[in-house]
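I opened my notebook today to look up a few things in one structure. Come along and read over my shoulder.

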Amino acid sequence: MGFIQRTRTIICIIVVIFCSCSRRTTIPTQLSYTPPPVFNLPDSLLSDLEIDFAFYQTQPAKFYEPILELRDSFSSVEKHIVGLSHEELFARRQELVLDLKNIPEEAFVFPLPGARLLSPFGRRNGRMHTGMDLKINCQDTVVAAFDGVVRMANWSRGYGNVIVIRHYNGLETVYAHNSKHLVHSGDHITAGTPICLTGETGRATTDHVHFEIRVNGKPIDPTLLINFENQSLHRKCLVFTPEAQGNIRIEIV
């Protein structure tokens with residue numbers, strides 16, 4: 001009986017404490033709100049305030065492309081193979097962005113100024129013609145299209161005497177069927193530098209220069225970059241992305 005009595009006493013004490021606490025607890029039904037102060041600027045101050053709205057105008061995004069560092073010493077393979085992949089090209093980038101609008105006018109020279117087009121890029125006689133055939137007369141002087149370093153100045157089957165130039169913009173240009181070379185592998189050149197004389201060495205039926213543009217060893221259609229009618233660069237931006245089996249995806253943005 002003593003245990004039961006003590007238990008009842010403890011329960012009564014707990015009930016009394018709970019009831020007393022519940023009476024003192026109040027839950028607010030509405031929160032108080034104090035509005036922030038409003039400051040009015042005098043009209044004299046606003047009239048003297050000048051806002052440069054041009055600063056806030058939207059500007060087109062610019063792609064950042066680091067300048068490619070080129071070697072001027074090449075291996076025997078690099079000096080003898082035309083379509084060779086460029087290991088450094090995509091080593092630190094996932095794509096090559098070439099904005100032709102940012103290339104100064106003096107940084108490009110048509111490889112054979114005043115020439116007429118003999119044969120375009122594309123299928124020809126059941127096989128792929130990977131460049132553009134250009135001609136004026138016999139043994140005309142051919143010049144470099146862009147600044148760069150001569151990678152190859154040698155003989156290659158089909159091409160005959162051929163020059164390959166690696167450029168700072170990531171491209172390589174090819175000049176084939178030459179009768180005479182004016183530069184050597186490792187030479188640093190600028191756009192417009194004479195590099196060879198046209199000829200008909202290799203697989204050629206008339207004196208001309210076979211001109212190619214390559215990205216990572218793969219030939220691309222030169223008309224994507226060059227307007228062959230007025231012999232100048234197009235004003236557009238190209239993005240080259242490497243894909244499986246060494247292929248190159250080309251996008252115009």
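Below are my entries on a pocket, some strands, some salt bridges and two backbone angles.

**Before starting**

I reminded myself that this is a predicted model.

**Entry 1: the second largest pocket**

I looked up the volume of the second largest pocket and found about 410 Å³ of space. Next I asked which residues lie nearest the centre of this pocket. Of the 17 residues in its lining, I noted Arg 124, Arg 127, His 129, Arg 203 and His 210 as the ones nearest the centre. Two elements, β4 (127-129) and β13 (209-215), each give two or more residues to this lining. The largest share comes from β4, with three residues.

What is the lining made of, in terms of nonpolar, polar and charged residues? I wrote down three nonpolar, eight polar and six charged.

**Entry 2: strand β12 and its partners**

I followed strand β12, residues 194-197, to see what it pairs with. Strand β6 (residues 141-143) runs antiparallel to β12, and three bridges link the two. Strand β10 (residues 180-181) also pairs with β12 in the antiparallel sense, over two bridges.

Then I asked which residue of β12 is the bridge partner of Val 142. I found Cys 196 there. Looking up His 181, I landed on Cys 196 as its bridge partner in β12 too. I put a star beside Cys 196 in my notes, as it is the bridge partner of Val 142 and of His 181.

**Entry 3: salt bridges**

I reminded myself that side chains of opposite charge can pair when their charged atoms come close. How many salt bridges does the model hold? The count comes to nine, and I checked three of them one by one.

First I took Glu 78 and Arg 71, whose closest N and O atoms are 2.7 Å apart. Glu 78 counts as buried because its relative accessibility is 12%, under the 20% cut-off. Arg 71, at 33% relative accessibility, counts as partly exposed.

My next pair was Asp 133 and Arg 124, with 3.3 Å from N to O. Asp 133 is buried, with a relative accessible area of 6%. Arg 124 is partly exposed, at 36%. I had already met Arg 124 among the residues nearest the centre of the second largest pocket.

The third pair was Arg 214 and Glu 212, with the closest N and O atoms 2.8 Å apart. Are these two residues buried or exposed? I found that Arg 214 is buried and that Glu 212 is buried as well. I also saw that Arg 71, Glu 78 and Glu 88 are joined into one network by salt bridges that share partners.

**Entry 4: two positive phi values**

Most residues other than glycine have a negative phi, so I went looking for exceptions.

Asn 216 has a positive phi, near 55 degrees. I located Asn 216 in the loop between β13 and β14 (218-220). Asn 216 counts as buried because its relative accessible area is 19%, which is under 20%.

Gln 245 has a positive phi as well, near 60 degrees. Where does Gln 245 lie? I traced it to the loop between β17 (237-242) and β18 (248-252). Gln 245 counts as exposed because its relative accessibility is 76%, over the 50% cut-off.

How values were computed:
Residues are numbered from 1 along each chain as its sequence is written. This is a predicted model: local features need pLDDT of at least 70, side-chain atom pairs count only at pLDDT 80 or more; totals for chains, interfaces and linings use all residues. Side-chain values use heavy atoms; hydrogens and water are left out. On a 1 Å grid over the protein atoms alone, a cavity is a set of points where a 1.4 Å probe fits but cannot get out, and a pocket is an open set with protein on both sides within 12 Å along at least five of seven lines; lining residues have an atom within 4 Å of a point. Grid points are joined across faces, edges and corners, and a volume is the space filled by probe spheres set on the points. Helices (H or I, at least four residues) and strands (E, at least two) are DSSP runs, numbered from the N terminus. Ala, Val, Leu, Ile, Met, Phe, Trp, Tyr, Cys and Pro count as nonpolar, Asp, Glu, Lys and Arg as charged, and the others, Gly among them, as polar. Two strands pair if DSSP finds at least two bridges between them. A salt bridge is a side-chain nitrogen of Lys or Arg within 4 Å of a carboxyl oxygen of Asp or Glu. Buried means under 20% relative accessible area, exposed over 50%, partly exposed in between (1.4 Å probe, protein chains only).
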